[in-house]
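Hi everyone, thanks for coming. Let's look at a structure together and see how a few of its pieces fit.

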Amino acid sequence: MKKYWKSLEELKDITEGHQEIKPEPEFSIEGLSEQEVSDKLKSNRRDFLKFLGFSVGTAAIASSCEQPVRKAIPYLNKPENITPGMANYYASTFYDGHDFCPVVVKVRDGRPIKIEGNELSKITNGGTSARIQASVLNLYDTGRLQFPLKNGTKTTWAEVDSDIKTKLEQIAAEDGRIVILSSTVISPSMIKLFEDFGAQYPTTEVIYYDTISFSAMRMANLQTLGKAEIPSYRFDKADIIVGFNCDFLGSWLSPIEFAKQYAKTRELSETKPSMSKHYQFESYMSLTGSNADERYSIKPSDELTILLNLYNKIAEKSSMPTFEAEASPVDLDHLVEDLLYHQSGSLVVSGTNDVYIQALVNGINFLLANLGATFHFERTLNTKRGDDLAFEVLIERMNTGDIDALLMYNVNPSYDYFNAEAFNAALQKVELSVSLSEYNDETAKLAKYVCPDHHYLESWNDAEAYSGIYNLAQPTIQPLFNTRQASDSLMKWAGMDGDYHTYIKKYWENYLFATQEKYVIFNNFWNRSLQDGVFRLEQSTLACPLYDFEFLGANVDKLKPTKSEGLEIVLYEKMGIGTGKMANNPWLQELPDPISKAVWDNYLAVSPKYAKENGITQEDVVKINGEIELPVMYQPGQPYGTASVAIGYGRHEIGKVANGVGKNVFGWAGMKNGSRQFAIKTVSFEKTGETYPLATTQTYHSMEGRPIVRETVLEKWKEKANSGNELHEMNEKKAVTLYKKPEYEGFHWGLGIDLNKCIGCSACVIACQAENNIAVIGKKEVKNKRIMHWLRIDRYYSLSEPERPGPDSIYKIEPENPEVVHQPVMCQHCDNAPCENVCPVAATPHSKEGLNQMAYNRCIGTRYCMNNCPYRVRRFNWYRFVDNDKFDFNQNDKISKMVLNPDVVVRERGVVEKCSFCVQRIQEKKLDAKKENRLLKDGDIKTACEQACPTKALVFGDMNNKDTRVAVAKADPRTYNLLEELHTLASVNYLTKVRNKAADPNDEHETSH
């Protein structure tokens, strides 16, 4: 029988018996002195209301809900394309040197306020990620550099241009070396601009440096397949997926695209009764590993051994040469059998930046005939072209005085390079150093000139993320500050006429328009491409390259793993903060990590067993290698003898939100086999004797033993369509009520969530926050269990309960490698809503379309509704989060507040709020249909969470129409409602999770508790 838990504290309750809940002591002032009474009344709000009485308390709260005065200024000359109150939408492209996504920008009254995915893109199909959603808030970040700098002092663009152009001309005349150090550029126009810049200054060279390097993959592909490119991966064509330290759903290469593909392989229906099987070998609990059917916890030093054994076993079956290898620490026979059975239908990937590991992966895929099937080179991925060796050589050349000018575009090696001290020292020896950064960051601080770049929503650009697939980006707002796009700066310094917008159009006319036959006039081609945001060239089919086995044969000595005896540490990216480039974004800082549910910090994650054996408790501060101090967090699924730490923290020169949050651990990376790697071995640590509080949301709510998560295995589902969901049928039969069943003559809105498709990426959480003006409250209030997100993603661990010898025995579940389930939870919009009956002022009524509504101006803050909601999805504004210096995030200055959605009320102190099913979107689309004299169509209305989801795990629509997607999902035998035994008649339906693994006789849900 399976047991589910959200935290180790809850697991302890399960295994040792629930702790007795002590009643709150009765409030009394009898026998107290006047001073003691005064002190007691100051203690908290609850006691204050108890003493003064309900009427006084509610009057005080009601008065606090008074709305502030808002001033409206009319247009004197209204822009032609702006209608006040009506949104405009512009296709654009997000690429920051790491993440890529075609987007659509929602603009209200000249202000970009929301980012959506571009559904015309075949790469992402409209999906986004948490960082893409949050990128709109970066536009209004007052921490951005707002003017150019010269030697750290504010200056003018005229002075900067004059100085830099003069010095570049002098350097070129003396045959000095000019280097453009850039993150990977995927803009074909920008690459052409680099060439034109080089034509003006012939000694110019371009070196690419990426924070997360993939240079080993490109090197391995060149040595074994003859192509120094990154191929296209097709997870949607794979029946067997095997990942080695590869978080392809979270951060690896193109996670939005891969999540879309992966979800297609996890769909189940009567017409598609099969799904992929996912094996994951990893050294930390990643988002991808949490979704695997079979997950193996391994040390980083074991990855090469396991891959070599896997290669040998497959090579033996194919009569190909093998290599000497140590015994694998895990049994691979079952995996090998699955892979050989699904030749041309499997895919093996590794996220380790090691040329020999990548060469082995290529060899395995080639032997399995996957090349040309589940990955190919017909369209190559261009987003990762960083060259680790070239960057190492650059630092040596800077030290020797070989580099006279260094122009740094979208890079910050003073922060994210493992040997930042060496780079910083070398930078001081360069005559001309220029930073083209949005922020006066760690590297920009050391540059002689800082020429601030536009935000991408203020810029013209194009992109070719995959060869032959082009995207355009266009400005959606005039520049907020005295900044200038980096491309325009380069054109200015090269003495080129015009602006970058004209340059892009000329490039498209000369190189892309010529390929089109259906367009006679270039402007028609340009306008259509700009409107769609996407242009696609047909690619010819290429012959599959052959694998060169000689590379591994010539490097047999490199296939012997290095043994370690100490704690091994792995560095990884969080879904929110990522590499730290967007660390000053408060939405991302307060986004709960999908696995640990921690916010506002990084930490040393260790396995509970290892921590216990080494005398480490949760939140103990340890010093690693005598350098960096970090708090400890217990992480189920972390391999024994290893630890993991998130990168992207420890910023000091980026803004008020991120400065001083967490620790910078990029320095723990290092070079191996010619590439930068994020796995460190033989690390020592010592306890400092101090503790550091961590804020997490994982202990907010408990299942209390109730079957909230339901799951089964594929084998059982094929036998019975409602396998794992038998309780639903039982609850339906037992459903007896004195209330009349609600009926809706028109629409009855509902939401369907497929737990097979939900990967827990949290894109929906940030989308909801952006759409509904949800406040950021800071670490202290999160620790007080007051986080404001309307939508949360509950993460449950589970393991099969071992056999118990007797009814009174104590049994233990060791949380070393649990299974994980992600479950989005928002207001369930119950037709028999418990919250509605208890509100004394009718602030939460029910609509004629099945929505549980909130009337903010009626709410007096009794919180009765919160106490009576079994789903714990209502939020209370304990403070005024707007224009409050104590909450100095994104609602405390005029510029940051430009991101607010005018269609959604900004709530005041003392008011309850919750998910509204994006009622503003419902009303907008109903009015659009009315104006167009037509009926609403299924899919017209998309909630923010549904639209952002890269896997399309959520569907919204009218449950009264049996042809809608949500009605079809509701009729599925896998569908159930949360706590349906309470007969709340929730309008949110969940589809039982199905795993593709062998059936376990113990994995049955308890039906009573």
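I'll talk about a pair of helices, then a hairpin, then a sheet. Please keep in mind that this is a predicted model.

Let's begin with the helices. Two packed helices are described by the angle between their axes and the distance between the axes. Here, helix α11, residues 303-317, packs against helix α13, residues 355-367, at an angle of about 25 degrees, and their axes are 10 Å apart. Angles under 35 degrees count as roughly parallel, and α11 and α13 are therefore roughly parallel to each other. The crossing of α11 past α13 is left-handed. Which residues make the contact? On the α11 side they include Leu304, Leu307, Tyr311 and Ile314, and on the α13 side they include Ile357, Leu360, Gly363 and Leu367. Counting by type, the contact of α11 with α13 has twelve nonpolar residues, one polar and one charged.

Next, the hairpin. Strand β2, residues 87-95, pairs with strand β3, residues 100-108, in the antiparallel sense over nine bridges. One pair to find on your screen is Thr93 and its bridge partner in β3, Pro102. Four residues lie between the strands of this hairpin, where Gly97 takes a positive phi near 90 degrees.

Last, the sheet. Its four strands run in the order β38-β33-β40-β39, forming an open sheet with mixed pairing. Which strands stand at the edges? They are β38 (954-958) and β39 (975-976); each has a single partner strand, so one side of each has no neighbour in the sheet. For β39, the pairing with β40, residues 988-991, is antiparallel over two bridges, and Thr975 stands opposite Leu991 in β40.

Technical notes: Residues numbered from 1 in each chain as written. Predicted model: local features only at pLDDT ≥ 70, side-chain atom pairs only at ≥ 80, totals over all residues. Heavy atoms only, no water. Axes fitted to C-alpha atoms, helices over the stretch in contact; angles between N-to-C directions. Parallel < 35°, antiparallel > 145°, perpendicular 65-115°, else oblique. Left-handed = near helix turned anticlockwise from the far one by under 90°. Contact = heavy atoms within 4.5 Å. Nonpolar A, V, L, I, M, F, W, Y, C, P; charged D, E, K, R; others polar. Pairing = 2+ DSSP bridges.
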